[in-house]
Amino acid sequence: MTLTEKILARAAGKAHVQAGDNVWVDADILMTHDVCGPGTIGVFKREFGQNAKVWNKDRVVIIPDHYIFTCDPKSNRNVDILREFVREQGITYFYDVIDDPAGSWRFDPAAGPVKRQHGSHYAGVCHVALPQKGHTRPGEVLFGTDSHTCMAGAFNEFATGIGNTDAGFVLGTGKLLLKVPATMHFRLEGKLQPGVMAKDIILHLIGEIGFDGATYRALQFSGSGIPHLSMDDRMTIANMAIEAGAKNGIFPFDGRTAEYVDSRTRLNGTKTTYDPVEPDPDQNFVFEHVIELDKLEPTVACHPDPARRRLAKELGHVKLDRAYIGSCTGGKTSDFVEFARILRGKRVAIDTFGVPATPEIVHELKSTRWGGKPVWEILVDAGVHLTENPGCAACLGGPLDTFGRVNSPLKCISTTNRNFPGRMGHKESQVFLASPATVAASAVAGRIVDPREYS
Ligand code: SF4
C-alpha cells in the first residue's frame with residue numbers, strides 16, 4: 001500500500017485498502033476557522049440537535065485566522081460565534097483573538113492594522129498554527145474546513161480539506177466516508193541550488209501536470225532530496241498539492257519530522273504518541289515522475305492560474321505594482337528570513353506588504369538579530385509595510401480594509417499559493433506566485449527578476 005492507503009486502512013480498521021475503495025475513517029483531528037466554522041456549527045446543530053455534543057472536545061481545534069483584523073461586523077461576529085460554541089461545548093483547543101472568554105471581538109480602526117491587536121491565545125494562520133501548537137502527528141487523519149489543510153501532509157499524515165456539511169458530520173460522529181485516492185509518486189532527487197526554494201519545486205510540479213493534473217489523487221514524495229528539505233520546505237510543497245487538484249500530499253517520516261513533532265507536542269502539552277507510516281515495497285502508483293532539484297530554477301506561476309509556469313528570468317518585461325509576502329505557504333519564519341537576506345541593505349521600489357503567518361513568527365523576526373539589527377527592522381528599513389497582526393490577510397482578498405488587499409487592478413507578485421482572478425482583491429488585478437527570494441528581488445527591481453541576480 002502507498003502511505004495514504006496505509007493511513008486510511010488503519011483509520012478504517014481494515015488490513016488493506018486500495019484506490020477507489022469507499023471506507024469510513026475515524027478522524028484524529030477536525031480543524032475549523034472563522035469563515036467555515038459558523039456554517040459547520042449550523043450543520044451540526046441542524047442535523048444532530050440544538051443540544052448535541054461534539055464527538056470529542058479534545059479533537060476539535062478551532063483557529064480564527066481569515067477575516068480578523070477588519071471592521072467588517074459580520075467577520076467580527078463570526079469569531080464571536082466560535083467563542084460561544086467553544087464555551088457551550090467545552091472545547092479544549094480554541095486559539096481566540098481576545099483573551100476574555102466572555103468578551104466579543106472588535107477591531108479598533110483608530111489603532112490601525114500594524115500594531116498588535118490580538119490577545120495571548122491567538123495563533124494566526126491555521127495551517128501553520130496546527131503544527132506549531134502540536135496538533136499534527138505522523139500516521140494520523142486530519143480533516144479541516146479549508147482546502148490547504150493538505151499542508152499537514154508534510155508531517156506524514158493524511159490531511160485534507162472538507163466542506164461544511166462533511167465537517168458538521170465529523171463534529172457529530174468523528175467519522176467520514178472517503179474514497180481512497182489513487183497515488184501519484186514524485187521522486188525529488190538531488191539538492192536545490194542557492195536562490196532556488198521549495199516554492200519553486202511545487203510551482204514546477206504543478207506546471208508539469210496542470211492545475212487539475214492531480215484531481216482527487218494523493219501526491220506522495222520520496223527521494224534523495226527529502227533529507228535536505230526542512231519541515232517548512234515540506235509544508236510549502238504539501239500546501240500546494242491542492243493547487244493541482246490533489247486530495248492530499250504526503251511526505252515520508254524521518255528524523256526531522258520526529259524532532260519537530262516531538263518538540264511541539266511536548267511544548268504544548270498535546271498528545272505525544274503517534275505511529276508513522278513507512279513505504280511498502282509493493283506500492284501501486286498511477287503516475288511516477290522524477291524532479292531533479294539541482295536543475296530547477298526560480299519559477300513563477302503567472303496570472304491567472306497556478307500552473308501557468310514560467311522561469312523568473314523569462315519575465316523581466318513584467319512590470320509590477322506590488323509585492324506581498326505572507327500566507328500559510330509563504331509567511332513562515334524561513335520565508336521571511338530568505339526575503340530579508342535579499343532585501344538587506346536595499347530598498348523596495350514598489351509597495352511591499354508583509355504579513356507573518358503566526359504570532360510566533362512575528363516574535364522570531366523581532367528577536368533574531370543580524371549584525372545587531374532584528375530581521376524585522378531590516379525589513380522595515382528596506383521599506384516593507386509589516387504588520388504585527390498575523391493572519392490570512394490579503395492572501396484571499398478579504399474585506400476592503402484588509403491589510404495589503406489589492407484594491408485596484410494592480411500587478412502583484414506574491415509568496416501566496418493561489419492566483420485565480422480576484423483572489424487577492426480586485427477582480428482585474430493580476431497575481432504572480434513566486435518564492436520569497438523571487439518576490440524580494442522583484443520588489444527591489446519593480447519587475448519580475450531572477451533572485452540569483454540579487455543575492
Ligand atoms: S493564508 Fe491564504 S491559503 Fe492559507 S489558509 Fe489563509 S486564506 Fe487560505
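These legends walk through a set of close-up views of one predicted model.

**View 1. The whole chain and its three domains.** This is a predicted model, so local features need pLDDT of at least 70 and side-chain atom pairs count only at pLDDT 80 or more, while totals for chains, interfaces and linings use all residues. Numbering runs from 1 along each chain as its sequence is written. The protein chain splits into domain 1 (3–177), domain 2 (180–295) and domain 3 (300–453), with bounds that come from an automatic or database domain assignment. Its secondary structure adds up to 13 helices and 20 strands; these are DSSP runs numbered from the N terminus, with helices being H or I of at least four residues and strands being E of at least two. Along the principal axes, the C-alpha atoms fill a box of roughly 55 × 55 × 40 Å. The protein chain has a radius of gyration of 21 Å, which agrees with the value near 23 Å for a compact globule of 455 residues. That radius is taken over C-alpha atoms, and the globule rule is 2.2 Å times the number of residues to the power 0.38.

**View 2. The ligand and its shell.** Which residues come nearest to the ligand? Out of the 13 residues around it, they are Ser 327, Cys 328, Cys 392, Cys 395 and Leu 396. (A residue is near a molecule or strand if its C-beta atom, placed from the backbone, lies within 6 Å of it.) Helix 4 (126–132) and helix 9 (327–330) are the elements that give two or more residues to this shell. Sorted by class, the shell has six nonpolar, six polar and one charged residues. Here Ala, Val, Leu, Ile, Met, Phe, Trp, Tyr, Cys and Pro count as nonpolar, Asp, Glu, Lys and Arg as charged, and the others, Gly among them, as polar. The ligand lies between domain 1 and domain 3, because both give residues to the shell.

**View 3. Where domain 1 touches domain 2.** The centres of domain 1 and domain 2, taken over C-alpha atoms, are 22 Å apart. Each side has its share of the contact: 35 residues from domain 1 and 35 residues from domain 2, with two residues in contact if their C-beta atoms, placed from the backbone, lie within 7 Å. On the domain 1 side, helix 1 (3–12), helix 4 and strand 6 (158–161) give two or more residues. Helix 1 gives the most, with six residues. By class, this side of domain 1 has 14 nonpolar, 15 polar and six charged residues.

**View 4. The five-stranded sheet.** Five strands line up as an open sheet in the order 4-3-2-5-6, with parallel pairing; two strands pair if DSSP finds at least two bridges between them. Strand 4 (93–94) and strand 6 sit at the edges with a single partner strand each, so one side of each has no neighbour in the sheet. Strand 3 (residues 60–62) runs parallel to strand 4, joined by two bridges. Look for Ile 62, which stands opposite Phe 94 in strand 4.

**View 5. The four-stranded sheet and helix 6.** Another open sheet has four strands in the order 10-9-8-11, again with parallel pairing. Strand 10 (248–250) and strand 11 (285–292) are the edge strands, each pairing on one side only. From one strand to the next, the twist averages 20°. Helix 6 (residues 198–209) packs on this sheet, touching strand 8 (182–189) and strand 11, and its direction makes about 130° with that of strand 11. Axes are lines fitted to C-alpha atoms, for helices over the stretch in contact, and angles run from 0 to 180 degrees between N-to-C directions. Three bridges join strand 9 (residues 217–222) to strand 10, and Ala 218 has Asn 248 as its bridge partner there.

**View 6. Two backbone spots in loops.** His 303 and Pro 304 are joined by a cis peptide bond, with omega about 5°. Pro 304 sits in the loop between strand 12 (299–301) and strand 13 (309–311). Asn 156 is not a glycine, yet its phi is positive, about 65°. Its place is the loop between strand 5 (141–144) and strand 6.
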